[in-house]
Amino acid sequence: VQLQASGGGFVQAGGSLRLSCAGSGRTFSNYAIGWFRQAPGKEREYVAVISWRGRGANYADSVKGRFTISRDNALNTVYLQMDSLKPEDTAVYYCAATSVMGRTTTLYDYWGQGTQVTVSS
């Protein structure tokens, strides 16, 4: 499966953005899809993951209550709605596909290119 992330941009603190992860191939719905982010000089960190049919989701503590992950398998797309953004959310955001739902990058087999999110104070 091939993935393409989009929707990043520049926003002031307290604002919102919605990221999209578009997948190609008929097997998209066979994968759980996760979002990760990487700030300059830091390791890539887990943000959220959604299960194959969208019935289960999990979030990092740092984004819980502010971010919402969802998916539309008919459109082969996963979304990350980001509200109440903070400057510390600034990073390149990546989506990735996994057959084993989890929080570690090594579980993910396919990665999209990143999309930059910048939150100003």
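In this predicted model, Met82 touches Gly15, Ser16, Leu17, Leu19, Arg66, Phe67, Tyr93 and Val117, leaving aside residues up to four places away in sequence. Met82 also belongs to the largest nonpolar core, which has 35 residues. Together with Ile33, Trp35, Leu80 and Tyr93, Met82 touches the most other members of that core. Eight strands each supply at least two core residues: β1 (2–6), β3 (17–24), β4 (32–38), β5 (45–50), β7 (67–72), β8 (77–82), β9 (91–98) and β11 (115–120). In soluble globular proteins, nonpolar side chains tend to be buried together.

Four of the strands form an open sheet in the order β1-β3-β8-β7. Pairing within this sheet is antiparallel. The edges are held by β1 and β7. Each has a single partner strand, so one side of each is left without a neighbour in the sheet. From one strand to the next, the twist averages 15 degrees.

The edge strand β1 is joined to β3 by five bridges. Among the bridge partners, Ser6 is matched with Ser20 of β3, and Ala5 with Cys21 of β3. Side chains alternate along β1. Leu3 and Ala5 point to one face and are buried. Gln2, Gln4 and Ser6 point to the other face and are not buried. Ala5 thus combines a buried side chain with a bridge to Cys21, whereas Ser6 is not buried and is bridged to Ser20.

Two loops leading into or out of β8 contain residues with positive phi. Asn76 is found in the loop between β7 and β8, and its phi is near 55 degrees. Ser84 lies in the loop between β8 and β9, with phi near 50 degrees. Neither value belongs to a glycine. Most residues other than glycine have a negative phi. Ser84 has a relative accessibility of 41% and therefore counts as partly exposed.

A further set of pairings centres on β5. Five of its six residues are buried, so β5 is largely enclosed by the rest of the structure. On β4, the pairing with β5 is antiparallel and spans five bridges. Within it, Arg37 has Glu45 of β5 as bridge partner. The two strands form a hairpin with six residues between them. In the turn, Gly41 has a positive phi of about 80 degrees.

β5 also pairs with β6 (residues 57–59). Here too the sense is antiparallel, over three bridges. Val49 stands opposite Asn58 in β6. This hairpin likewise has six residues between the strands. Gly54 takes a positive phi near 85 degrees there.

Aromatic contacts form another layer of the description. The model contains five aromatic pairs. In one of them, Phe36 and Tyr108 meet edge-to-face, at 4.9 Å centre to centre with 80 degrees between the planes. This pair links distant parts of the chain. Phe36 lies in strand β4, while Tyr108 is in the loop between β9 and β10 (110–111), 72 residues apart. Both residues are buried.

Tyr108 also pairs with Trp111. This second arrangement is tilted, with centres 6.0 Å apart and 55 degrees between the planes. The two partners differ in burial. Tyr108 has a relative accessible area of 5% and is buried. Trp111, at 29%, is partly exposed, because buried residues must fall under 20%. Ring pairs link Phe36, Tyr46, Tyr108 and Trp111 into a cluster.

Arg44 adds a charged group to these surroundings. Its charged end sits over the ring of Trp111, 4.9 Å from the ring centre. The charged end of Arg44 also sits over the ring of Tyr94, at 3.8 Å from the centre. Trp111 therefore takes part in the aromatic cluster, lies under the charged end of Arg44 and is partly exposed.

Note on methods: Residues are numbered from 1 along each chain as its sequence is written. This is a predicted model: local features need pLDDT of at least 70, side-chain atom pairs count only at pLDDT 80 or more; totals for chains, interfaces and linings use all residues. Side-chain values use heavy atoms; hydrogens and water are left out. A nonpolar core is a set of buried Ala, Val, Leu, Ile, Met, Phe, Trp, Tyr and Cys residues joined through side-chain atoms within 4.5 Å. Buried means under 20% relative accessible area, exposed over 50%, partly exposed in between (1.4 Å probe, protein chains only). Contact means heavy atoms within 4.5 Å. Two strands pair if DSSP finds at least two bridges between them. Axes are lines fitted to C-alpha atoms, for helices over the stretch in contact, and angles run from 0 to 180 degrees between N-to-C directions. Rings of Phe, Tyr and Trp (its six-membered ring) pair if their centres lie within 6.5 Å; planes under 30 degrees apart count as stacked, over 60 as edge-to-face and the rest as tilted. A charge sits over a ring if NZ of Lys or CZ of Arg is within 6 Å of the ring centre and within 35 degrees of the ring normal.
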